[in-house]
Amino acid sequence: MNVLHVSIDVVSLITVIQMIVTMVAYYFWGNLNAKYSTRKVLYWTLPFIAIACLSWVGLLVLPVYAVLIMVHFFLGIGLGGFNQLVFNFIIGDTPKSERPMFIAVYSALTGFAAFLGPLVGGWLYGLVSDAPMWVQSFGIAVTAGAVLLMLAFTYGRIIFNIKQ
């Protein structure tokens, strides 16, 4: 917020936009899930999350607010589908007798990641506080997006058993 000179009010408003996009995305991801397997549709959400990170490069040519809206739009689409489809996967594709353990492990892992993510992110941004402005404003996010996209198209295909 300090680097991009954005107020907390704007961030709050854009977060509301993201939540609206997420709710609308539930409808579309649900319809896709009715036609295709949960694994396949869950895999399709991954590029949207990566594109949200890659969209930060738009700061080179677009105003900050346009980039923030674009990032949160893609994030709303991707996370809406991901959250819905992970739930569908746990409920529908896991053995009934082991379902409580799947839910417990998923909750533990996401809770740990939600705790650790901001700490690691803050540490990384602290490391680049003396770096050029482009690294501080979008370099880390774009790098994370590129890594996520690469992982989605390589290991993601293997993990979700997606055929060519």
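This report describes the two largest pockets and a nonpolar surface patch of a predicted model.

The table sets out the pockets.

| Pocket | Volume | Lining residues | Lining by class |
|---|---|---|---|
| Largest pocket | about 900 Å³ | 28 residues | 23 nonpolar, five polar, no charged |
| Second largest pocket | about 340 Å³ | 13 residues | 11 nonpolar, two polar, no charged |

Among the residues that line the largest pocket, Trp56, Gly117, Gly121, Tyr125 and Ala141 lie nearest its centre. The elements that give two or more residues to this lining are α1 (8–35), α2 (38–54), α3 (64–92), α4 (99–127) and α5 (133–153), and the largest share, eight residues, comes from α4.

In the second largest pocket, the lining residues closest to the centre are Leu46, Ile49, Phe82, Leu148 and Ala152. At least two residues of the lining of this second largest pocket are supplied by each of α2, α3, α5 and α6 (155–159).

Turning to the surface, Phe112, Phe115, Leu116, Leu119, Val120, Trp123, Leu124, Tyr125 and Leu127 make a nonpolar patch of about 900 Å². Tyr125, which belongs to helix α4, is named both among the residues nearest the centre of the largest pocket and among those that make the nonpolar surface patch. With a relative accessible area of 35%, Tyr125 counts as partly exposed, because that class covers residues between the limits of under 20% for buried and over 50% for exposed. The value of 35% for Tyr125 also meets the requirement of over 30% relative accessible area that applies to residues of a patch.

How values were computed
Residues are numbered from 1 along each chain as its sequence is written. This is a predicted model: local features need pLDDT of at least 70, side-chain atom pairs count only at pLDDT 80 or more; totals for chains, interfaces and linings use all residues. Side-chain values use heavy atoms; hydrogens and water are left out. On a 1 Å grid over the protein atoms alone, a cavity is a set of points where a 1.4 Å probe fits but cannot get out, and a pocket is an open set with protein on both sides within 12 Å along at least five of seven lines; lining residues have an atom within 4 Å of a point. Grid points are joined across faces, edges and corners, and a volume is the space filled by probe spheres set on the points. Helices (H or I, at least four residues) and strands (E, at least two) are DSSP runs, numbered from the N terminus. Ala, Val, Leu, Ile, Met, Phe, Trp, Tyr, Cys and Pro count as nonpolar, Asp, Glu, Lys and Arg as charged, and the others, Gly among them, as polar. Patches are made of residues with over 30% relative accessible area and no salt bridge: like charges are joined within 9 Å, nonpolar side chains (Val, Leu, Ile, Met, Phe, Trp, Tyr) within 5 Å. Accessible areas come from the Shrake-Rupley method with a 1.4 Å probe; for residues, only the protein chains shown count as cover. A salt bridge is a side-chain nitrogen of Lys or Arg within 4 Å of a carboxyl oxygen of Asp or Glu. Buried means under 20% relative accessible area, exposed over 50%, partly exposed in between (1.4 Å probe, protein chains only).
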